[in-house]
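Thanks for making time this morning. I would like to walk you through one structure, going helix by helix, and then stop at a few individual residues.

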Amino acid sequence: MRNDIKRLRKEAGLRQEDLARELGVSRQTIIAIENNKYNPTLELAMRLALQLDKKVEDIFYLD
């Protein structure tokens, strides 16, 4: 599974630290997700979508 989190985060003017703090996860978690090294839980994916004001399917996709 791939994602557009890095692009969407930058468009929102958020640093990795900012997004991590808002979601209650570590910066390392955000880095791993952005680099497609970790697939988030459904809950975290939904919280990411809410934070970025997108639908989950607009952020994550199968490659």
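Let me begin with helix α4, whose buried residues are L44, A45, L48 and A49. If you look down the axis of α4, these buried residues fall within an arc of 140 degrees, so they line one face of the helix. A general point helps here: an α-helix has 3.6 residues a turn, so residues three or four places apart point the same way. On the face of α4 turned away from that buried side you will find the exposed residues L42, E43 and L50. I should say at this point that what you are looking at is a predicted model, so please take every value I quote as computed from that model.

What do the buried residues of α4 pack against? The partners are the helices α1, which spans 5-11, α2, which spans 16-23, α3 and α5, together with the strand β2 at 60-61.

Of these partners, I would like to take α2 next. Its axis and that of α4 are 10 Å apart, and the two helices pack at an angle of about 120 degrees. That angle makes α2 oblique to α4. The crossing in which α2 passes α4 is right-handed. On the α2 side the contact is made by L19, E22 and L23, while α4 contributes L44, R47, L48 and Q51. Sorted by class, the contact of α2 with α4 has four nonpolar residues, one polar residue and two charged residues. Within α2 itself, the buried residues are Q16, D18, L19, A20 and L23, and the buried residues of this helix pack against α1, α3 and α4. After α2 comes G24, which has a positive phi, near 75 degrees.

Now to α3, the helix at 27-34, in which I30, I33 and E34 are buried. Viewed down the axis of α3, the buried residues fall within an arc of 95 degrees, so they too line one face of their helix. Among the elements that cover the buried residues of α3 are the strand β1, at 2-3, and the helices α1, α2 and α4, as well as β2.

Following α3 we come to N36, which lies in the loop between α3 and α4. Most residues other than glycine have a negative phi. N36, however, is not a glycine and yet has a positive phi of about 55 degrees. Its relative accessibility is 26%, and N36 therefore counts as partly exposed.

Where does D53 lie? This residue sits in the loop between α4 and α5, the latter being the helix at 56-59, and D53 comes just after α4. Here again we have a residue other than glycine with a positive phi, near 55 degrees. With a relative accessibility of 68%, D53 counts as exposed.

I will finish with I59, in helix α5. Is I59 buried or exposed? It is buried, with a relative accessible area of 0%. Setting aside neighbours within four places in sequence, I59 is in contact with R2, N3, D4, I5, L8, L48, A49, L52 and K54; two of these, L48 and A49, are among the buried residues of α4 that I listed at the start. Lastly, I59 and K6 are 53 residues apart in sequence, and their C-alpha atoms are 9.8 Å apart in space.

Terms used
Residues numbered from 1 in each chain as written. Predicted model: local features only at pLDDT ≥ 70, side-chain atom pairs only at ≥ 80, totals over all residues. Heavy atoms only, no water. Helix = DSSP H or I, 4+ residues; strand = E, 2+ residues; numbered from the N terminus. Buried < 20%, exposed > 50% of the residue type's maximum accessible area, 1.4 Å probe, protein only. Arc of directions from axis to C-beta. Contact = heavy atoms within 4.5 Å. Axes fitted to C-alpha atoms, helices over the stretch in contact; angles between N-to-C directions. Parallel < 35°, antiparallel > 145°, perpendicular 65-115°, else oblique. Left-handed = near helix turned anticlockwise from the far one by under 90°. Nonpolar A, V, L, I, M, F, W, Y, C, P; charged D, E, K, R; others polar.
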